[in-house]
Amino acid sequence: NDSAGLETVRVNVVDLDGDGMLNLGTTGREIRFAMSESRIEPLIAIPIIPDIVLRPLTPVVTGTRALVNIDIVNIWPELVDDIELIFYEPFSSEWISDWYDGWGAPPEIGRTSEGTRVRWSSPRMPVLPEQSVHIGLELTGEQQFESILNVAALWSIGGQPIFPIPLPWQSWRIDGNEVVDLIFLSPALRETVQIRRWFAVVPEPIPLNRLLWEESEATVQEMGGRWLLVDNRPVNLYPGQDPLELLISADAAAVLVRYEVLWNEAVVTRMINELIF
């Protein structure tokens, strides 16, 4: 692959010649040319996103809540500046009530032909290869949680999807004092991933902005809980297979799960999710 001027390519992505295509450092390098050089086979067929009206999300008052926190590593050879989550039907944007105030926030939401798109965008702070960013959402309405499983994740440049993110989606089923943790990998993804799982029960909810991977051990201990390892070895998760289930007795204010996702033996995403009663 052409590596000349790589440092410039990573920071100067602008339309230098006015033809409507972004140039990678010089007029001779455009986004479409750089993408054609990649030798990595795509993990999924990138969905075609039709015209869409985007709007900022606005927080609303919540009851039972599910907090979703994700660290995502850019494993691809190009810089990226957007993360998109495609929530396939059934999903309603009204179920999203808050977000983590970090990279690319506030996210924007809109409809696609297949469901709902939530996008974090940060053109001024693109993500370089092997860098990671943190995003988070708060979802409401316990009757909907179990139906939120089929979710695809994508990196994009300027709103144009280019690379898939190997991200399974975690959700919940609630039955009295018993909670079932569910994890599902979208059938749109072509490759198997491996997961490591932990769970914890705490007497008080932990706020969205404190559910960070590096601080999760100390944060749970402060609340009087502890993380319990579920799998001694990584477990395979196949595209479209029935969700893996984990039954948790939860006579407490909140239940947490922690996931480490591996692809080709490398960590690609991490999640710390919480169900608040």
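This tour moves through a predicted model, from the whole chain to its cores, then to one enclosed strand and finally to some loop residues.

Begin with the whole protein chain displayed as a cartoon, where four helices and 19 strands can be picked out. Colouring by burial shows that buried residues make up 49% of the 277 residues in the chain, while the exposed surface comes to about 13,100 Å², of which carbon and sulfur atoms supply 48%. If you turn on contacts with a separation of 6 or more, 74% of them are accounted for by residues 24 or more positions apart.

Next, select Ile 83, Leu 85, Phe 87, Trp 155 and Trp 169, which touch the most other members of the largest nonpolar core, a set of 53 residues. Add strand E18 (residues 254–263), which contributes five residues to this core, the most of any element. In soluble globular proteins, nonpolar side chains tend to be buried together. Then centre the view on Trp 169 and show what surrounds it: leaving aside residues up to four places away in sequence, Trp 169 touches Val 68, Ile 70, Leu 85, Phe 87, Ile 148, Leu 149, Val 151, Leu 182, Ile 183 and Phe 184. A second core of 17 residues is separate from this one, and selecting Leu 67, Tyr 100, Leu 208 and Ala 254 will bring up some of its members.

Now select strand E9 (residues 132–140), in which eight of the nine residues are buried, so that the strand is largely enclosed by the rest of the structure. Show strand E4 (residues 65–73) beside it, and you will find nine bridges joining E4 to E9, with the two strands running antiparallel; within this pairing, Ile 70, already met as a contact of Trp 169, has Ile 135 of E9 as its bridge partner. Strand E6 (residues 96–99) is also antiparallel to E9, joined to it by three bridges, and here Asp 98 stands opposite Glu 138 in E9.

From E6, follow the chain into the loop that leads to strand E7 (108–111), where Pro 106 is placed, and look at the peptide bond from Ala 105 to Pro 106, which is cis, with omega near 0 degrees.

Two further loop residues complete the tour. Glu 130, in the loop between strand E8 (115–121) and E9, has a positive phi of about 75 degrees although it is not a glycine, and Glu 130 is exposed, with a relative accessible area of 73%. Asn 264, in the loop between E18 and strand E19 (266–276), likewise is not a glycine but has a positive phi, of about 55 degrees, and at 60% relative accessibility Asn 264 counts as exposed.

Terms used:
Residues numbered from 1 in each chain as written. Predicted model: local features only at pLDDT ≥ 70, side-chain atom pairs only at ≥ 80, totals over all residues. Heavy atoms only, no water. Core = buried A, V, L, I, M, F, W, Y, C linked by side-chain atoms within 4.5 Å. Buried < 20%, exposed > 50% of the residue type's maximum accessible area, 1.4 Å probe, protein only. Contact = heavy atoms within 4.5 Å. Pairing = 2+ DSSP bridges. Areas by Shrake-Rupley, 256 points an atom, 1.4 Å probe, with all protein chains shown as cover.
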